[in-house]
Amino acid sequence: MAKMSLDPLQVMGGQVKELKVSPSANGDSRGSWEEKEEFEQAAKTQPVTGRRTRKVEGGVFFPKPENAVTVAVSSRVLFRTELEQKVFEQKGVEEYLRYQIEHENEPFAPGPAFPFVKALETVNARLRELYPQSEELFDIVLVTYNHAHVGVRLINTINHHNLFIERFCMTGGSSPIGYLKAWHTNLYLSADADKVREALAEGIAAATMFMTEKLTEVSESQLRVAFDGDAVLFSDESERIFKAHGLDKFFEHERDNEDTLLDHGPLKGFLEALGKLQKKFYAKGQRLDCPIRTYLVTARSAASSGIRALKTLRAWGLEIDEALFLAGAPKGPMLEKIRPHIYFDDQMFHVEGAAEMGTVAAHVPYGIAQKHNQKQSAGARK
């Protein structure tokens, strides 16, 4: 069974040959995860040269951050940088910079966020067809702690994979959180759990991503995003009742508060942003052919506690395309059928279970469950 490392800096289980993403989803068949070593060898013999021109109808344009849905992605989750990270940890920053400059014409292989970013670009292409002058698009910002010298290799890699990423934030080791606020960031994905927590504390939707041994192929034409409910879309109010008093009290609390809206959770704003873009397709009669699809995948029971969640979403004016109330059943098998580009959950147990089934799952370190996670981690170390 596939194992998942709790350290997002490490490849889960140290294996890379089982990783699969369809060639066209990567934008380049040589960028497949199936054989990382083969990819790197090919990159050495066929270095990146030149710059690819990327235009949209009427010329290249970039949306204002306040108009766009801004997704900030760390270079360490967009690309595979484990080898470079080891150089940094074992030999220090100067040798790391020297290594990056020496290899700047060798593109990085795709990382766990790569299919998600490609899907965002697919949605943008459809939006530009329908609304050529609109700035309501996904705007992707590459965020890295790297020194600007490393930017050359990152740009070469982006051009190699034909990604449309023009906004960079290279902080030279400083925290990027202040810049994320300036970009009006709607979602931040990183391998650094501490920075993710810092972003959440500042009111920015954020999640930690991990490397996995196994990845399921995902749609090339439709962005699929799945969310847990409590402590992700909603607050952790109900989760606190469950942790403190058990399942029976939880059900009683939900029945008594059926008509009381749940407070918002850290990812509510991102679902809202997705819904705003979905409505642009609906307005053109493309509801059934919308390239964005959203899912609620929750451990709640439908009859006993699901109605409050649905009433809350409806009161917020948010539509969810599919809602799965699993009543405590494992989420992994359902997510394997959905094949989302990303799944957000506040509990590492569910993140690990999803990863074992090949789903790219991101951890949202928010709410009461984090204390439980910390206790489990401490117990495992004893």
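This report describes the fold, the nonpolar cores, one helix, one pocket and a few single residues of a predicted model.

**Overall make-up**

The chain has 382 residues, and 55% of them are buried. Its secondary structure consists of 16 helices and ten strands. Among contacts with a separation of 6 or more, 77% join residues that lie 24 or more positions apart.

**Nonpolar cores**

The largest nonpolar core holds 76 residues. Within this core, the residues that touch the most other members are F116, F138, L223, F227, L267, F270 and F344. F227 can serve as an example. When its neighbours within four places in sequence are left aside, F227 is in contact with V232, L233, L267, F270, L271, L274, Y295, L296, V297, Y343 and F344. Another core, of 13 residues, lies apart from the largest one, and its members include A226, Y295, L326 and A361.

**Helix α11**

Which residues of α11 are buried? They are F250, F251, H253 and E254. These residues lie on the same side of α11, because they cover an arc of only 160 degrees around the axis. On the other side of the helix, D248, R255 and D256 are exposed. The buried residues of α11 are covered by elements that include α10 and α13 (302–316).

**The second largest pocket**

Helices α10 and α11 appear again in the second largest pocket, whose volume is about 430 Å³. The pocket is lined by 23 residues, and the closest to its centre are E239, F242, A299, R300 and G328. Three elements give two or more residues to this lining: α10 (237–245), α11 (247–256) and α15 (348–356). The largest share, four residues, comes from α10. By residue type, the lining of the second largest pocket divides into nine nonpolar, seven polar and seven charged residues.

**Two residues with positive phi**

Most residues other than glycine have a negative phi. H184 and A231 both have a positive phi without being glycine. The table sets out their values and places.

| Residue | Phi | Loop between | Relative accessible area |
|---|---|---|---|
| H184 | near 55 degrees | α8 (177–182) and β4 (185–190) | 43% |
| A231 | near 70 degrees | β6 (223–227) and α10 | 1% |

Is each of these residues buried or partly exposed? A relative accessible area under 20% counts as buried and one over 50% as exposed, with partly exposed in between. H184, at 43%, is therefore partly exposed. A231, at 1%, is therefore buried.

**S190 and its surroundings**

Strand β4, which follows the loop of H184, contains S190. With a relative accessibility of 1%, S190 counts as buried. What does S190 contact, once its neighbours within four places in sequence are left aside? Its contacts are S74, V77, V196, A207, T208 and M209. S74 is 116 residues away from S190 along the chain, yet the C-alpha atoms of S190 and S74 are separated by 4.9 Å. The pair S190 and S74 is an example of a contact between residues 24 or more positions apart.

Terms used. Residues numbered from 1 in each chain as written. Predicted model: local features only at pLDDT ≥ 70, side-chain atom pairs only at ≥ 80, totals over all residues. Heavy atoms only, no water. 1 Å grid on protein atoms, 1.4 Å probe; cavity = no way out; pocket = protein on both sides within 12 Å on 5 of 7 lines; lining within 4 Å. Points joined across faces, edges and corners; volume = space filled by probe spheres on them. Nonpolar A, V, L, I, M, F, W, Y, C, P; charged D, E, K, R; others polar. Buried < 20%, exposed > 50% of the residue type's maximum accessible area, 1.4 Å probe, protein only. Arc of directions from axis to C-beta. Contact = heavy atoms within 4.5 Å. Core = buried A, V, L, I, M, F, W, Y, C linked by side-chain atoms within 4.5 Å.
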